[in-house]
Amino acid sequence: METTSKNKKRVLLENLFMVVLVFYPLRHVNWGLDLWDTGYSYANFTFAGLKHMDPMWLFSTWLANVAGNMLTRLPHGGTLVGMNFYTGLFVSVLALAGYFFCTRSLKMPAGIVFIGEFAAESLCWCPTAVLYNYLSYVLFLAAVILLYQGLTKEKRVCLAAAGVCLGSNVLVRFSNLPQAAMILAVWAYDVILWREDKKTAQKGKASDPFWPRLLRHTGWCLAGYLGALALLLGDIHMRFGIGQYIQGIRNLFAMTENATDYKAGSMLGGLINAYRNGMYWAARMAVILAGGIVLFVLAGIVEKAMAGGEDDRSRPLWRARASGLIHVAVRVLWAAVCIAMVVWLYVRKFCSFTFYSYDSMLYPGILFLMLTMLVGVIRIFDPHSPREEKLISGMLILVVLLTSIGSNNNVYPSINNLFAAAPYTLWESWRFIRGAGERRLRISGSRFKKHHNPGKSEKAGLQVTISSFPVKGMLTAFLALCLLQFSLFGAVFVFSEGTGVQDAEAYVENNEVLKNVRMSAERARWMSEISAYVEENNLQGREVLLYGNIPALSFYLQMPAAFQPWSDLRSYSAVKMQADMERMEEEMLRTGSEEPVVIVENKYGEDLEQSRVLETGESSPLMEQDAKWSLIVEFMNRQGYQQTFRSEKFAVYRKVY
């Protein structure tokens, strides 16, 4: 009966974990209005296709756009809250998959795994609307799980399925191509097996030859990888022609001429700089730790001297008590030092309590990534680690490194993708903190005899114990800081134009897409005014040309982009924009279609008004600085556009007959 009761409690607790992990990512589905990535992604999903999207972004994030378009067809898929709900479930899937993998396959304690998954969900700073990130993470995690199962249980179908996931990920986001480096984990595991087989062969046991096994594992992974690519590229060929895809990818490589932060050297340099900045803090913590180790060595020497040796009943009782007091005092002192270190980190701006800002979690996140890789390296080279643990350790090092490659966001993508790494790091840390892990050291300069074995000579020197307590204390303090910062960041932070939402108390009443969305009073006023204008002039469904970092208006106002919702991106060159605008004008002449509505950020409206460009046809200061803005103004002059709406945030231009 007692066992049954414990099982029921465990099941109940796990069910509670499931509920939290599923619904926690949905906590902010109606919070904040972002004029950048969120609405831009939903616009691409809603109006997917070559007519309203740049081929470069359509094909380089093909599967993400297909998946997003399917979500828009679900109930309430045309609203911001509805789409935030559907895309938020991708985070729920990540957390659940990570939880079941860690508890079922890796046999980690459920409580530790839950804390790790909760922390991983809290660190999802990127809007869930950016599906090319979250769908990438889902497939990457699936590949890790399948590779682990396929290698440890010798399941060929799992190896092939892992290849399918990684191959498909190239079509989710072309920059996922480096994830093919996960094959290194396969080869490393085969080397581990080969070394173990050599030992068993020496004992007369049969072993599986190295090269056939390596080729078999590699072949099944490669078959799945290439099969997925062939199938998906075949689908694109049937829809658009493979030439369109190739041209889109060529444009992707060409964009680095303008967006230099997408160059391989720049992206790699960003990663190195992030970890180098992290080393600034890691080095200082290491100095504090070194001082603690010295303190405990000295305390150990004094303890031995005060105790007078083991089983020595001739020494006064007060000396033994003094030894015990030193033992306790030095640990209390070190606990105080660790707490002081945490306070010092806050004072020195290692992190902040401004939880709507990245400052609250960035450096703790970087050091957490470094800790994950350090722990992984230690476990790989520990001769006592089982081969399965070496495998998952190496795989998670690769996940941390590869997730950020191909992005211009430094280590932020890796921080956003800790659904296997966070539970692993907490689990390994917990095992270390609970263990003994002490070492003995002989210090020359005195003579110490073991009295439990009289008559046996000892080498000159004093044998002392080096305690692992300093490392455990600092690790505990650091992880406590991380979990606090990560949890509060997750509770507060909502992405909005690259920063966090600070005020969300107002609503827009006249826009169905933004129904029930909480935002600042200022943003609610912006959107209410322009939504009323669009409604009064029956502009929903009309093509729009947006400029001024306001691409989200395409989705919020339900106005498809004429050719590219975010035309002021640096990755979208003026040459490309000129070609697209020429095609647009040719199409207008050929079909007699309506001219697009032009909506710009108000600073561009002020530029036109102050320079009277539309009346005189002359240039303006912004036109001279911005070639793409100049193209838009020249187009409006040719077509006879006039300003028809102006607010604090937006200006609208249309051809009035």
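**Salt bridges**

I started with Arg-216 and Glu-154, whose side chains meet in a salt bridge at 3.2 Å, N to O. The model is predicted, so I read every distance as a property of that model. Arg-216 sits in helix H10 (residues 210–239) and Glu-154 in the loop between helix H7 (131–152) and helix H8 (156–172), so the bridge ties together parts 62 residues apart in sequence. I looked up the exposure of Glu-154: at 37% relative accessibility, Glu-154 is partly exposed.

Next I took Glu-543 and Lys-51. Their closest N and O atoms are 3.4 Å apart, and the pair forms a salt bridge. This pair links distant parts of the chain, 492 residues apart. Glu-543 is in the loop between helix H19 (521–536) and strand S5 (544–547). Lys-51 is in the loop between helix H2 (37–46) and helix H3 (55–60). Lys-51 has 55% relative accessibility, so I noted Lys-51 as exposed.

Then I checked Arg-638 with Glu-585. I found a salt bridge with the closest N and O atoms 2.5 Å apart. Arg-638 belongs to helix H25 (residues 627–639) and Glu-585 to helix H21 (residues 574–591), with their positions 53 residues apart in the chain. Is each partner buried or exposed? Arg-638 is exposed at 52% relative accessibility, whereas Glu-585 is buried at 16%.

I also traced shared partners. Arg-379, Asp-382, Glu-389, Glu-428 and Arg-431 are joined by salt bridges into one network. My count for the structure is 24 salt bridges.

**Cysteines**

How many disulfides does the structure hold? I found zero. I looked at Cys-102 to see why. The closest cysteine sulfur, in Cys-124, is 15 Å from the sulfur of Cys-102, which is too far for a bond. Cys-102 is buried, at 0% relative accessibility. Cys-351 is in no disulfide either. The nearest cysteine sulfur to Cys-351 is that of Cys-482, 8.2 Å away; the cut-off is 2.5 Å, so this pair fails too. Cys-351 is buried, with a relative accessible area of 3%.

**Second largest pocket**

I put the space in the second largest pocket at about 1000 Å³. Its lining has 30 residues. Which of them lie nearest the centre? I listed Leu-374, Ile-378, Phe-432, Val-471 and Leu-475. Helix H12 (264–307), helix H14 (362–381), helix H17 (421–434) and helix H18 (469–492) each supply at least two lining residues. I sorted the lining by type: 20 nonpolar, five polar and five charged.

**Aromatic pairs**

I counted 40 aromatic pairs in the structure. For Phe-17 and Phe-114, the ring centres are 4.3 Å apart and the planes meet at 10°, so I logged the pair as stacked. Phe-17 lies in helix H1 (residues 2–23) and Phe-114 in helix H6 (residues 110–122), so the pair ties together parts 97 residues apart in sequence. Both Phe-17 and Phe-114 are buried.

Tyr-134 and Tyr-137 have ring centres 5.7 Å apart and planes at 80°, so this pair is edge-to-face. The two are three residues apart in helix H7, so about one helical turn separates Tyr-134 from Tyr-137. Both Tyr-134 and Tyr-137 are buried.

Last, I followed the rings around Phe-17. One aromatic cluster takes in Phe-17, Tyr-24, Tyr-99, Phe-100, Phe-114 and Phe-118.

Definitions and conventions:
Residues numbered from 1 in each chain as written. Predicted model: local features only at pLDDT ≥ 70, side-chain atom pairs only at ≥ 80, totals over all residues. Heavy atoms only, no water. Salt bridge = Lys/Arg side-chain N within 4 Å of Asp/Glu carboxyl O. Helix = DSSP H or I, 4+ residues; strand = E, 2+ residues; numbered from the N terminus. Buried < 20%, exposed > 50% of the residue type's maximum accessible area, 1.4 Å probe, protein only. 1 Å grid on protein atoms, 1.4 Å probe; cavity = no way out; pocket = protein on both sides within 12 Å on 5 of 7 lines; lining within 4 Å. Points joined across faces, edges and corners; volume = space filled by probe spheres on them. Nonpolar A, V, L, I, M, F, W, Y, C, P; charged D, E, K, R; others polar. Phe/Tyr/Trp six-rings, centres within 6.5 Å; stacked < 30°, edge-to-face > 60°.
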